[in-house]
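Work through the following exercises with the sequence and the 3D structure at hand. Try each task before reading its solution.

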Amino acid sequence: MTQDLVTRPLLPRFTVAGDRFALDVIAQNFTGQPLNGTVGLQASNLVILDPGVRAVGLPTADGKLAHWSAVASIVGSGAITCTLETSAGGDAVALPLQTKPFAVPERWSAAGQADPVAAATFNVPANAVRPASRLTLRLSPSVALGVVDGLAALIDYPYGCVEQTMSRMLPSAVAAQAYTRLGIPNPKAQQIPEIMQQGLQKLYGFQQTNGSWGWWYDDEGDIYLSAYVLYGLTMVRQAGYAVDGGVLQRGFDYLDGRLAHTDSVTGGLDPRVRAYVLYVKSAAGHGDLAAERNLLAAQGKLDAFAQAALALSLAQDGDSAAANGVLDRLLAAAVETGYTAYWPMAADDRSGYLWRTISSAEKNTAMVLRALVALRPHQPVVPKVVRWLMDHRVDGGWRDTQATAFAVQGLVDYLGVSAELQADFTYQITLNGQPIAMGRITTATLTTPITPVVVAGENLREGSNEIRIERDGAGQLYYTAALRQELFYDSFQSVSSIDQGLQITRTYQMADPGTPAATATGGSQQVGFPLGVGDVVEVQLNVTAREDTWYVLLDDPLPAGFEALNERTNPIIYGDFLYPPGGISIGVPTFWRQWGYNRKDIYDDHVTFFMTYLAAGEHQFTYLARATTPGEFSALPSQIYPMYAEDIWGRSASQQVQIAPERVAARPALAGDVDRDCRLTDFDMRQVAAAWGQILQGATPQASRDVDDNGRIDLMDLAVVAAHEGGTCVSGQGQDPGSGEGQVTFSLRPAVTKVAAGQPFTVDVYASWTGAPTGMQAAASPGGFGLTLSFDPAQLHVMGIEWSAALRESLLLGGQSRIDNVAGKAGFGAFRMPPGMAPGARLATVTLIGQRPAQAELAVAEAQAVDAAGRRLQAMGSGAAGVMVEESRSWFPLIYK
């Protein structure tokens with residue numbers, strides 16, 4: 001039943017910080033009589049450019065729109081609340097709206113073991129969007145909980161191809177059996193039945209008529225993936241779940257048919273694939289010992305993964321002597337240190353086999369671990385292999401779903417023979433010297449998962465951060481640390497991973513041929529004509545691949561004002577040509593290859609393409625989108641990468657899209673608003689601080705950071721932004737700080753007066769200050785300073801600048817320092833200095849090297865200082881620091897004969 005008075009906002013599905021768009025509210029009257037009323041709008045994460053209530057007349061059984069314009073400002077989920085008030089009553093509704101950062105993701109991870117102490121350092125750059133960043137630390141006092149983390153990584157993986165579906169099911173089944181056998185509670189027990197049921201149904205549907213599986217349901221059958229699925233289904237059945245016998249039979253018939261081919265003309269198998277297929281058959285009770293023994297002559301062609309598979313199948317089928325011979329060869333090839341052991345991939349090998357079998361050092365090592373546990377569980381190298389695997393986790397799992405699935409299996413096998421389920425220790429975690437977590441682990445709590453430690457981005461400091469993990473007592477403590485950051489840039493240029501040859505560019509064209517291009521090609525500069533609401537555009541993604549690549553994902557973010565159209569679907573056709581009634585081929589390709597991809601998924605905020613095989617050369621992928629919301633929107637960069645080798649990637653430029661901009665209020669200018677979110681925030685201040693001193697290096701200053709428009713980025717630009725922090729483009733930014741009273745003098749004190757050429761020496765930088773010119777009262781310590789030192793580059797070379805401990809928590813200008821040994825300048829500074837510093841405090845120490853014999857000087861070329869309110873103070877240098885650089889002398893012993 002509809003209520004008498006209704007109001008609701010008309011929202012885009014999401015926004016990106018800095019988007020400017022129309023925000024309409026509809027009001028409807030079902031009372032049966034005309035009414036007048038007012039509509040109001042509030043938004044927790046937006047800046048409303050034209051605030052205030054709107055008067056509306058509401059005819060009977062009709063609706064009216066009230067219009068506002070907004071800028072997406074605060075990253076995260078906010079509430080959009082609209083109200084309707086009339087003499088007959090009213091209505092109110094609140095809906096969420098997600099604002100994404102104008103940024104691209106950056107990842108850092110570390111893993112290891114506290115034995116008894118471990119430490120890891122990471123960097124937080126100035127352009128990290130703090131609300132969208134976080135550090136997650138996971139602790140595992142046993143391999144058992146490491147297995148749980150791996151299962152969680154697989155369960156939460158967002159995509160669902162054949163490999164990823166099975167990589168959820170197989171480890172879940174194996175782990176469930178192991179936990180039951182060892183009497184360990186399985187934290188994922190509640191999720192496993194649903195995983196099995198959904199996975200089985202999906203895999204049944206993905207099986208092709210010849211019994212094989214490909215990466216997606218309409219993909220060409222692949223023998224490695226088919227063998228992997230059949231092994232998983234076998235393990236799932238052994239774990240007690242019902243598996244369709246017909247599916248298994250058709251699959252093994254396919255394997256047998258492929259094994260029967262022995263030459264390349266008829267589809268002969270790579271011996272490495274053959275070894276794995278024979279292992280799968282053996283695990284399912286269809287072992288072929290003769291075929292396994294035939295492979296012994298080809299051991300030199302087998303990688304570590306295939307050799308481990310061969311050793312396992314030989315042992316399972318009764319030839320333990322041959323199996324141990326293969327294992328001896330594997331042990332001789334291990335890369336071993338005092339603490340770890342592993343089996344790498346062949347160096348620089350990007351062959352089709354490695355791509356199609358999703359090979360990695362983690363997968364190799366996990367399979368060898370399984371062979372070691374099965375044949376020689378007490379081999380001294382086994383704990384080293386486990387440690388290597390635990391040290392190479394990435395955010396709980398391993399480098400990809402395939403590596404994670406095999407690692408979980410290997411560690412589950414190890415649990416059955418290890419004595420690791422004993423412990424009694426305490427632990428403490430510190431971040432930058434401050435405790436953030438502590439606890440105690442005993443044998444009774446060893447299998448109880450430890451809640452991950454999550455540190456929000458706002459609690460990380462700019463620059464270097466250190467995590468330290470300490471264990472005190474008997475036992476093991478493994479850890480993984482993962483930092484997920486979102487990095488802001490004024491605009492993104494098209495880039496790719498170094499020398500890996502995946503490049504992508506994106507263009508928007510009107511879907512109607514002959515219509516001019518309707519969007520920008522980069523940055524905020526508009527090219528062509530704005531779109532109208534309802535226009536349909538064709539998004540063109542042009543990809544260049546330097547080499548053949550497999551299992552590729554292309555992800556294209558949508559601008560918030562677009563809705564992607566699902567204009568085509570993948571036909572389930574296992575063949576290359578269309579055969580109409582009558583059976584005569586008309587030569588029309590209907591397989592997915594005509595579009596160049598295997599699968600396309602459409603989401604609210606992005607479109608993804610999956611390519612099983614991407615040939616070297618140029619490719620174009622397209623889709624249609626409709627312009628739905630008036631405004632100016634950012635299109636974040638497109639990304640392309642192989643899903644199992646994410647070190648190879650390409651990224652497009654960002655773009656700006658305009659849709660009926662005349663229907664949206666203009667964005668008032670706001671000096672210092674670097675990220676264009678209509679607010680002056682700490683983030684803007686940090687961007688100005690990071691760009692401080694650009695003119696020192698001869699660079700053109702970024703206009704958004706040159707707040708006072710004087711052609712340089714200096715301390716006063718930063719002071720202006722800081723003084724107006726909290727202002728918006730609607731409320732205004734207030735008055736500039738102006739000048740204060742007081743004087744700051746910088747002095748340079750060299751540690752030595754003479755030094756040999758080529759030898760380093762130091763110069764300390766001090767500051768003293770006074771209050772009012774009368775000197776009758778002491779001044780508070782300065783709020784910030786910027787200092788440029790000059791020197792003759794033919795005589796001196798600056799090696800670095802070390803800050804005093806008192807300033808390390810301050811905002812360091814230029815990131816830390818700007819050194820130009822060609823021009824002979826070194827600049828550094830700090831803002832938000834700690835209060836209470838005493839006059840004469842040491843600010844920093846400069847380390848230099850004398851280049852040649854001469855009287856060399858380091859002098860203050862320029863100085864700026866502000867007080868705590870950002871007001872300019874008088875600043876000057878007290879004089880140069882002179883050092884005599886002497887000729888370097890060498891002394892030789894005099895030998896008498």
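**Exercise 1: a salt bridge between two loops**

The side chains of Glu 725 and Arg 832 form a salt bridge, with N and O 2.8 Å apart. The model is a predicted one: local features need pLDDT of at least 70 and side-chain atom pairs pLDDT 80 or more, while totals for chains, interfaces and linings use all residues. Residues are numbered from 1 along each chain as its sequence is written, and side-chain values use heavy atoms, with hydrogens and water left out.

Task: locate both residues of this pair in the chain and classify their exposure.

Solution.
1. A salt bridge requires a side-chain nitrogen of Lys or Arg within 4 Å of a carboxyl oxygen of Asp or Glu.
2. Glu 725 lies in the loop between α15 (715–723) and β32 (739–750), and Arg 832 in the loop between β39 (825–831) and β40 (841–850). The two are 107 residues apart, so the pair links distant parts of the chain. Helices (H or I, at least four residues) and strands (E, at least two) are DSSP runs, numbered from the N terminus.
3. Buried means under 20% relative accessible area, exposed over 50%, and partly exposed in between (1.4 Å probe, protein chains only).
4. Glu 725, at 36%, is partly exposed. Arg 832, at 41%, is partly exposed.
5. Both residues belong to a salt-bridge network that also includes Glu 462, Asp 682 and Arg 686. The structure holds 33 salt bridges.

**Exercise 2: two buried pairs**

Task: describe where the salt bridges Arg 506–Asp 556 and Asp 391–Arg 387 lie.

Solution.
1. In the pair of Arg 506 and Asp 556, the closest N and O atoms are 2.7 Å apart. Arg 506 is in strand β21 (residues 502–510) and Asp 556 in strand β23 (residues 549–557), 50 residues apart.
2. Arg 506 is buried at 5% relative accessibility, and Asp 556 is buried at 0%.
3. Asp 391 and Arg 387 have an N to O distance of 3.9 Å. They are about one helical turn apart, because four residues separate them in helix α12 (residues 381–391).
4. Asp 391 is buried at 19%, and Arg 387 is buried at 17%.

**Exercise 3: a four-stranded sheet**

Task: give the strand order of the open sheet that contains β12, and find its edges.

Solution.
1. The order is β10-β19-β12-β17, with antiparallel pairing. Two strands pair if DSSP finds at least two bridges between them.
2. β10 (104–113) and β17 (453–456) are the edges: each has a single partner strand, so one side of each lacks a neighbour in the sheet.
3. Inside the order, β12 (residues 134–140) and β19 (residues 478–487) are joined by seven bridges. Here Ser 140 stands opposite Tyr 478.
4. Helix α12 packs on the sheet and touches β10 and β19. Contact means heavy atoms within 4.5 Å.

**Exercise 4: two packed helices**

Task: describe how α5 and α6 pack.

Solution.
1. Two packed helices are described by the angle between their axes and the distance between the axes.
2. For α5 (residues 245–260) and α6 (residues 271–283), the angle is about 140° and the axes are 11 Å apart. Axes are lines fitted to C-alpha atoms, for helices over the stretch in contact, and angles run from 0 to 180 degrees between N-to-C directions.
3. Residues making the contact include Phe 252 and Leu 255 of α5, and Val 277 and Leu 278 of α6.
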